[in-house]
Amino acid sequence: MCAHVLVAEDDAMQAELIRRSLLAEGHTATVVHDGSAALDAVRRDRPDLVVLDLMLPVIDGFGVCRVLRRDDDIPVLMLTARAAEDDVLLGLELGADDYMTKPYSPRELMARIRTVLRRSGSAAGRREDPVLRAAGIAVDPARHEVRCDGEPVDCTPAEFQILLALVGEPERVFSRRQLLQYTRGYDRASTERAVDVHIMNLRRKIEADPRRPARLLTVFGVGYKLSGTRP
């Protein structure tokens, strides 16, 4: 089950953690940081699920949920730092499908998201293919497989996580530090310079000419990006 999830969270670090966890599960994600942007993203992208922080600026989570339930039936999982019973009950009365109280573990959040998606049937009905595709590269998180132009590619765990991030958001520029975060737990001794080595090795595997890369590009002074969106 591959879903597109809208993450509406004003804390940038929390939002990035959720986004990375979703990508690792094989989903795609859009991140916004206020309630007005969340409603715009819902109308534009038609996500399968909204992870909605209650304490959003501009329009708070209650207001966003109220509009969503008036206009749509997209599943909503609320995040709240306020454990007061009245807040939880109001969120559920407004139509939230589930809620979690901060702090929470990413693993539990992903389990709750799977449950809400399974219960709603939205992702299963619209997206049966869990494979991420961009620039001729296909990454299957469930099977831990990579193909380039249809041919299998052997990747180390750290290379796989880096490629998963890049394919999940083609044309986005990732800094070395950001890519390093994806390798934590796979290569604990890594430094930012080790990311350069992973990129060099990936180029040998996915580029026709690693010295003149056409897919995995360096953005000088910033980091790396995957160029091209052809499947």
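## Helix α2 and its surroundings

The cover over the buried residues of α2 includes β1 (4-8), β2 (28-32), β3 (49-53) and α3 (61-71). Contact here means heavy atoms within 4.5 Å. Helices (H or I, at least four residues) and strands (E, at least two) are DSSP runs, numbered from the N terminus. Buried means under 20% relative accessible area, exposed over 50%, and partly exposed in between (1.4 Å probe, protein chains only).

This is a predicted model, in which local features need pLDDT of at least 70, side-chain atom pairs count only at pLDDT 80 or more, and totals for chains, interfaces and linings use all residues. Residues are numbered from 1 along each chain as its sequence is written, and side-chain values use heavy atoms, with hydrogens and water left out.

Which residues of helix α2 (residues 35-45) are buried? They are Gly35, Ala38, Leu39, Ala41 and Val42. Seen down the axis of α2, these residues fall within an arc of 160°, so they line one face of the helix. The arc is that of the directions from the helix axis to the C-beta atoms. Arg43 and Arg44 are exposed and sit on the face of α2 turned away from its buried side.

Both ends of α2 have a feature to check. Asp34 caps the N-terminal end, with a side-chain oxygen 3.0 Å from the backbone nitrogen of Ser36. After α2 comes Arg46, with a positive phi near 50°.

## The chain as a whole

The protein chain has 9 helices and 12 strands. Of its 231 residues, 48% count as buried. Take the contacts between residues at least 6 apart in sequence: 60% of them join residues at least 24 apart.

## Two buried residues

Met110 lies in helix α5 (residues 106-120). Its relative accessibility is 5%, so Met110 counts as buried. Which residues does Met110 touch, not counting those up to four places away in sequence? They are Ile18, Ser21, Leu22 and Glu25. Met110 and Ala24 are 86 residues apart in sequence, yet their C-alpha atoms are 10.0 Å apart in space.

Thr80 belongs to strand β4 (residues 76-80). Thr80 is buried, with a relative accessible area of 2%. Leaving aside neighbours within four places in sequence, Thr80 is in contact with Leu54, Met100, Thr101 and Lys102.

## Backbone features in loops

The peptide bond from Lys102 to Pro103 is cis, with omega near -5°. Pro103 lies in the loop between β5 (98-101) and α5.

Two residues that are not glycines have a positive phi, as the table shows.

| Residue | Phi | Loop | Relative accessibility |
|---|---|---|---|
| Ala135 | about 55° | between β6 (132-134) and β7 (137-140) | 2%, buried |
| His144 | about 55° | between β7 and β8 (145-148) | 40%, partly exposed |

## Helix α9 and its partners

Helix α9 (residues 192-206) packs with two helices treated here. Axes are lines fitted to C-alpha atoms, for helices over the stretch in contact, and angles run from 0 to 180 degrees between N-to-C directions. Angles under 35 degrees count as roughly parallel, over 145 as roughly antiparallel, 65 to 115 as roughly perpendicular and the rest as oblique.

How do the axes of helix α8 (residues 176-183) and helix α9 cross, and what angle do they make? They come within 9 Å and cross at roughly 80°. That makes α8 roughly perpendicular to α9. On the α8 side, the contact involves Arg176, Arg177, Leu179, Leu180 and Thr183. They meet Glu192, Arg193, Val195, Asp196, His198 and Ile199 in α9. By class, this contact has 4 nonpolar, 2 polar and 5 charged residues. Ala, Val, Leu, Ile, Met, Phe, Trp, Tyr, Cys and Pro count as nonpolar, Asp, Glu, Lys and Arg as charged, and the others, Gly among them, as polar.

The other partner is helix α7 (residues 157-168), which packs with α9 at an angle of about 80°, with axes 10 Å apart. α7 and α9 are therefore roughly perpendicular to each other. From α7, the contact uses Ala158, Glu159, Ile162 and Leu163. From α9, it uses His198, Ile199, Asn201, Leu202, Lys205 and Ile206. The contact of α7 with α9 has 6 nonpolar, 2 polar and 2 charged residues. His198 and Ile199 of α9 appear in the contact with α8 and again in the contact with α7.

Definitions and conventions. A polar contact is a pair of N or O atoms within 3.5 Å; within protein, one must be able to donate a hydrogen and the other to accept it, and residues adjacent in sequence count only if both atoms are side-chain atoms.
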